[in-house]
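Reader: Before I accept any label in this account, I should like to see the reasoning behind it. Please set each value against its criterion.

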Amino acid sequence: MGCAASGTAVQANNTSPYPQQQSKPVASVYPQQQPKPVQRPPVVVDDESSDEESEPVELNEDLLKKWMEFEKEIQVLESKTVNQSYGVKAEEVNHLQTEIKNAEQHLNQLKAQTAKEYQDVVNLSQNTSVKQMMNQMQFDQQMAKEKQEYMEAMNKQEIATKELNAKKKRLEQVLVEQDIGKADIEKLKDLVSKQDKLLGAVFDNKYGSELEMKLESELDMLTERQQRILIAKYKWHNARVLLHHATNQLAFSVRRWGDVSKIHPSNMAALYQGAAETRNNLIAASQNIASAQRYLNTIKFPYCTPQEVHTLNTAVTNIFTDMRTPQRHQHAMQCYVTTHRRAAALIQWFDQVIKNTILRDLATIQKQTQDKKRQLRGERIRLIKEKIKLKEGREVTGDYSERITSPEPEPELDDELTRVMEADAVSMAGDLAGPENDTSNQDVSEGKNATEETVAPTPLPSNELAPPPETNDLFGNIEELKKQHEEQMVQIEKTQQVNKARADQDLQMKLAQRRKRRTRIAQQEAEAQALMAQS
């Protein structure tokens, strides 16, 4: 478990209260139409609107302009990745609600334990018979033990309270962001529904051509792949923001914990103040790492694993004990330093995955998707123009380019900065250790925060970083998506063949009926001529 260094192993005594981490990290994500028979599939919208028949439309150039306006507005909303971010936030809301429920139960248990430890202190202080049975030294030692247990219980309760409040605050923020994104989702659904109904009215709820059907099916597959990669980019970028902040908080904690060792043991107020400030930054760092892991719950972090974070949290609960002796202080320092190093290595690993895998794959799929959109748009423009020409008997002369300039999809990252777990301030006083108690005569100013410039650990060479996750862990099963698309295309082709056979059969029946009608008419004419000849 816990706090082994990423580069060099931390040597620890076998009696250490903090378990050690293994050194080798391992990382574990519209069909359209043929000429006549294939029906245009409905867009998934609310049930009421999806069942409505397409209203008749006037085939003219204004209709083409209206269709292009829908297309441009849809492009703008899709570039904002509203579907992806909304889905991620809904997932986070679900996780947070579960975590808050569990955290509340845990906090209630800790409150009961704290109350018990407090009562033990009160009972001992008021128990005169115990005082009479012990000498003063024995009594003082027992009282110190009871107070220490009470202080540790109170520390655990404070940590749990901070964690619960952080989760509640984050839930409130995510719900607000989700409501804001819902408006864009509803607008996008409305535009897609209107555009689909317009196309249905133009082509009698069929595809305008086999090429349109083929292009739309291919675009569906590319869009699904692009959405998966955009979701991955959104999650990994936001998780990196949290990890960057956690690394700064860990760096500050290491520096502040080092300052605590310089405070004279008799200055208990300064000791507790320095330890509390260290603790608060460590809690914040732990929360930010946990939030990053929540974003990427299908990814196994090769550094700062859940076991390591648990070890860090265990050290935090013992911080007021660790501050009392140099040996425990030093061992706690090893844990904090190791976690800081591994957090820095985790950011390196994130940067490598984002740059070498996610952004590379995203650039490729975005180009493919934009090209396919342009082809489909061009085919639909051509088909609508042909319809207008057939009705009005003239060419549509307006310039309707299949190219629409729209911003590149870019996940919203700024809102994540407001959800970073900040360390609680302990004091805004002067120095932690006054000149009379600081043996090094080095002033350590208070009121600083974890965003101060700190010296980062030495980066690991690229070849020593853990391997990136598998593609399926990052984006989901892309091969399965391709297989589904191929099966869909085979099914569409079968449907085309069946419909073509039916159309041919209908044609033969109509021709037979026409031949019978012509024969009957000819027979009637012959009979009439015979009657006239007889007369």
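Reader: What makes up the surface that the protein chain exposes?

Author: In this predicted model, the protein chain exposes about 28900 Å², and carbon and sulfur atoms supply 51% of that area. Buried residues account for 45% of the 535 residues.

Reader: What secondary structure does the protein chain have?

Author: The protein chain comprises 13 helices and zero strands. Read from the N terminus, the elements run α-α-α-α-α-α-α-α-α-α-α-α-α.

Reader: Why is Leu230 called buried?

Author: A residue counts as buried when its relative accessible area is under 20%. Leu230 has a relative accessibility of 2%, and therefore it counts as buried. Leu230 is found in helix 6, a mostly covered helix in which 37 of 51 residues are buried. The C-alpha atom of Leu230 is separated by 7.2 Å from that of Leu362, although these residues are 132 residues apart along the chain.

Reader: How do you know that the span of helix 6 agrees with its number of residues?

Author: Helix 6 covers residues 210-260, and at 1.5 Å a residue its 51 residues should span 75 Å. Its end C-alpha atoms are 75 Å apart, so the two values agree.

Reader: What do the spans of helix 2 and helix 5 come to?

Author: Helix 2, residues 61-79, has 19 residues and reaches 27 Å from its first C-alpha to its last, close to the 27 Å expected. Helix 5 has 67 residues and reaches 98 Å, close to the expected 99 Å.

Reader: What caps the N-terminal end of helix 2, and which residues of helix 2 are buried?

Author: The cap is Asn60, with a side-chain oxygen 3.1 Å from the backbone nitrogen of Asp62. A polar contact requires a pair of N or O atoms within 3.5 Å, and the 3.1 Å from Asn60 to Asp62 satisfies that distance limit. The buried residues of helix 2 include Leu63, Leu64, Trp67, Met68, Phe70 and Ile74, and also Glu61, Glu71 and Gln75.

Reader: What is found at the start of helix 5, and what follows helix 5?

Author: At its start, a side-chain oxygen of Asn135 reaches to within 3.1 Å of the backbone nitrogen of Met137. Helix 5 is followed by Asp204, which has a positive phi near 55°.

Reader: What makes a space a cavity, as opposed to a pocket?

Author: In a cavity, a 1.4 Å probe fits but cannot get out, whereas a pocket is open. The largest cavity holds about 70 Å³ of space. Its lining consists of Val88, Glu91, Glu92, His95, Lys235, Ser291, Arg294 and Tyr295. Helix 3 supplies four of these residues, the largest share, and helix 3 and helix 7 each supply at least two. By class, the lining of the largest cavity divides into two nonpolar, two polar and four charged residues.

Reader: Which residues and helices line the second largest pocket?

Author: The second largest pocket has a volume of about 550 Å³. Of the 21 residues lining this pocket, His106, Glu163, Lys167, Gln287 and Asn313 lie nearest its centre. Helix 3 (82-126), helix 5 (136-202), helix 7 (268-295) and helix 8 (306-317) each supply at least two lining residues. The lining of the second largest pocket has nine nonpolar, seven polar and five charged residues.

Note on methods. Residues are numbered from 1 along each chain as its sequence is written. This is a predicted model: local features need pLDDT of at least 70, side-chain atom pairs count only at pLDDT 80 or more; totals for chains, interfaces and linings use all residues. Side-chain values use heavy atoms; hydrogens and water are left out. Helices (H or I, at least four residues) and strands (E, at least two) are DSSP runs, numbered from the N terminus. Buried means under 20% relative accessible area, exposed over 50%, partly exposed in between (1.4 Å probe, protein chains only). Accessible areas come from the Shrake-Rupley method with a 1.4 Å probe; for residues, only the protein chains shown count as cover. The expected span of a helix is 1.5 Å times one less than its number of residues. A polar contact is a pair of N or O atoms within 3.5 Å; within protein, one must be able to donate a hydrogen and the other to accept it, and residues adjacent in sequence count only if both atoms are side-chain atoms. On a 1 Å grid over the protein atoms alone, a cavity is a set of points where a 1.4 Å probe fits but cannot get out, and a pocket is an open set with protein on both sides within 12 Å along at least five of seven lines; lining residues have an atom within 4 Å of a point. Grid points are joined across faces, edges and corners, and a volume is the space filled by probe spheres set on the points. Ala, Val, Leu, Ile, Met, Phe, Trp, Tyr, Cys and Pro count as nonpolar, Asp, Glu, Lys and Arg as charged, and the others, Gly among them, as polar.
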